[in-house]
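Trainee: I have a new model to look at, and I would love to go through it with you. Could we take it one question at a time?

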Amino acid sequence: TAYEIPKRDWSSDVCSSDLPAVDAATWSLKVDGSAGRPLTFTLDDIKRRSRVDKTVTFECGGNREGVMNRMFSTVTWTGTPLKTILEEARPGRDVLEAVFWGADEGEETIRNNKYTMNFARSMSLEDALNADAIIAYEADGQPLPRVHGFPARLIVPGWYGVSNVKWLTRIELSPRRFMGRFMGRDYVTIMGRQVGDKVQYIETSVTRIQVKSVIARVLRPGGGNNSMTVQGMAVSDGTPIQRVEVQVDGGAWQPAKLEANTNP
């Protein structure tokens with residue numbers, strides 16, 4: 001059965017180096033790089049565009065067994081579609097990726113040199129156009145709190161939280177792959193695969209949410225009944241989940257009852 005996912009935003013919370021204070025009156029979102037028509041939007045410009053609401057369940061890309069219950073969230077975001085903004089910018093034929101830059105920044109040490117760098121994540125242009133993403137300025141009907149990306153941020157349904165860039169200031173259309181810290185060094189998975197008689201390891205950036213389930217509550221009725229009710233949740237990148245099974249103490253797998261999915 002379903003378990004209510006806590007309404008906390010585990011997106012780039014654990015990635016950002018600082019908590020920027022952005023002035024909405026002077027904030028702007030630029031779309032540039034290899035753009036045939038570079039664009040600049042104020043917050044009022046964004047709010048005047050087509051308005052959509054999306055209820056999205058996030059999982060933090062750093063989720064693991066010991067903290068799993070704390071690193072999911074569900075929020076209803078309000079904003080404007082990313083796709084139409086990108087199309088209006090007329091990406092050049094050489095564009096491979098859209099790079100999303102945030103206002104938050106931190107110092108990094110690379111090869112013994114220190115650099116001040118902004119948080120950034122990228123997506124292929126194809127993914128950016130087809131991910132049903134929005135530029136959000138409200139959360140659960142209220143302006144974005146500062147900690148969650150005020151005044152505007154990226155929301156990408158079905159992608160790990162780190163991809164949902166907060167305090168968004170720039171979208172760069174790039175003909176090259178972006179290999180910043182949170183694409184090429186952190187939030188990178190390592191997987192071993194069998195190739196002939198050896199294991200070959202590959203690394204990939206965290207992108208779409210993988211299917212995962214978690215037990216949230218076990219209830220035992222009174223009256224001497226030995227039966228138990230197990231409640232939990234299962235999440236994916238939006239691909240419908242057909243079946244969930246439960247195993248107790250190494251016994252046989254048993255089918256769970258699925259409730260209607262209310263969080264696309």
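Trainee: Is glutamate 59 buried or exposed?

Mentor: Good place to begin, and keep in mind that this is a predicted model. Glutamate 59 has a relative accessible area of 1%. Buried means under 20%, so the word for glutamate 59 is buried.

Trainee: Which residue forms a salt bridge with glutamate 59?

Mentor: Let's look for a positively charged partner. Side chains of opposite charge can pair when their charged atoms come close. Here the closest N and O atoms are 2.7 Å apart, and the partner of glutamate 59 is lysine 212.

Trainee: How many residues apart are lysine 212 and glutamate 59?

Mentor: Start with where each one sits. Lysine 212 is in strand β13 (residues 212–219), while glutamate 59 is in strand β3 (residues 52–59). Lysine 212 is partly exposed, with a relative accessible area of 22%. The pair links distant parts of the chain, and the separation is 153 residues.

Trainee: Which residues are linked with Arg170 in a network of salt bridges?

Mentor: Take one pair to begin with: arginine 170 forms a salt bridge with aspartate 32, with the closest N and O atoms 2.8 Å apart. This pair also connects distant parts of the chain, since arginine 170 is in strand β10 (residues 168–174) and aspartate 32 is in strand β1 (residues 28–33). The network that includes Arg170 also holds Asp32 and Glu172.

Trainee: And is arginine 243 buried or exposed?

Mentor: Arginine 243 meets glutamate 245 in a salt bridge, at 3.3 Å from N to O. Glutamate 245 is partly exposed at 38% relative accessibility. With a relative accessible area of 59%, arginine 243 is exposed.

Trainee: Which strands stand at the edges of the open sheet?

Mentor: Read the order of the five strands, which is β2-β1-β10-β5-β6, with mixed pairing. An edge strand has a single partner, so one side of it is left without a neighbour in the sheet. The two that fit are β2 (39–42) and β6 (113–124).

Trainee: What is the bridge partner of lysine 30 in β2?

Mentor: Strands of a sheet pair through backbone hydrogen bonds, either parallel or antiparallel. In this case β1 and β2 run antiparallel and are joined by four bridges. For lysine 30, the partner in β2 is threonine 40.

Trainee: Which backbone oxygen does the side chain of threonine 80 reach?

Mentor: Threonine 80 is placed in strand β4 (residues 72–81), and it is buried at 0% relative accessibility. Setting aside neighbours within four places in sequence, its contacts include Ile46, Arg49 and Ser50. At 2.7 Å, its side chain reaches the backbone oxygen of serine 50.

Trainee: What is the separation between the C-alpha atoms of proline 81 and arginine 49?

Mentor: Proline 81 also lies in strand β4. Not counting residues up to four places away in sequence, it touches Ser50, Val52, Ala133 and Ile134. Proline 81 and arginine 49 are 32 residues apart along the chain, and their C-alpha atoms are separated by 8.6 Å.

Trainee: How many residues are in the largest nonpolar core?

Mentor: Its members with the most contacts inside the core are Leu82, Phe100, Ile135, Leu154, Ile171 and Leu173. Isoleucine 171, for one, is in contact with residues including Leu82, Phe100 and Ile135. The count for this core is 43 residues.

Trainee: Where is asparagine 112 found?

Mentor: Asparagine 112 has a positive phi of about 70° although it is not a glycine. At 76% relative accessibility, asparagine 112 is exposed. Its place is the loop between β5 and β6.

Trainee: Which peptide bond is cis, with omega near 10°?

Mentor: Look in the loop between β8 (142–143) and β9 (153–155), where proline 151 has its place. The cis bond leads into that proline, and it runs from phenylalanine 150 to proline 151.

Note on methods: Residues are numbered from 1 along each chain as its sequence is written. This is a predicted model: local features need pLDDT of at least 70, side-chain atom pairs count only at pLDDT 80 or more; totals for chains, interfaces and linings use all residues. Side-chain values use heavy atoms; hydrogens and water are left out. Buried means under 20% relative accessible area, exposed over 50%, partly exposed in between (1.4 Å probe, protein chains only). A polar contact is a pair of N or O atoms within 3.5 Å; within protein, one must be able to donate a hydrogen and the other to accept it, and residues adjacent in sequence count only if both atoms are side-chain atoms. Contact means heavy atoms within 4.5 Å. A nonpolar core is a set of buried Ala, Val, Leu, Ile, Met, Phe, Trp, Tyr and Cys residues joined through side-chain atoms within 4.5 Å. A salt bridge is a side-chain nitrogen of Lys or Arg within 4 Å of a carboxyl oxygen of Asp or Glu. Two strands pair if DSSP finds at least two bridges between them.
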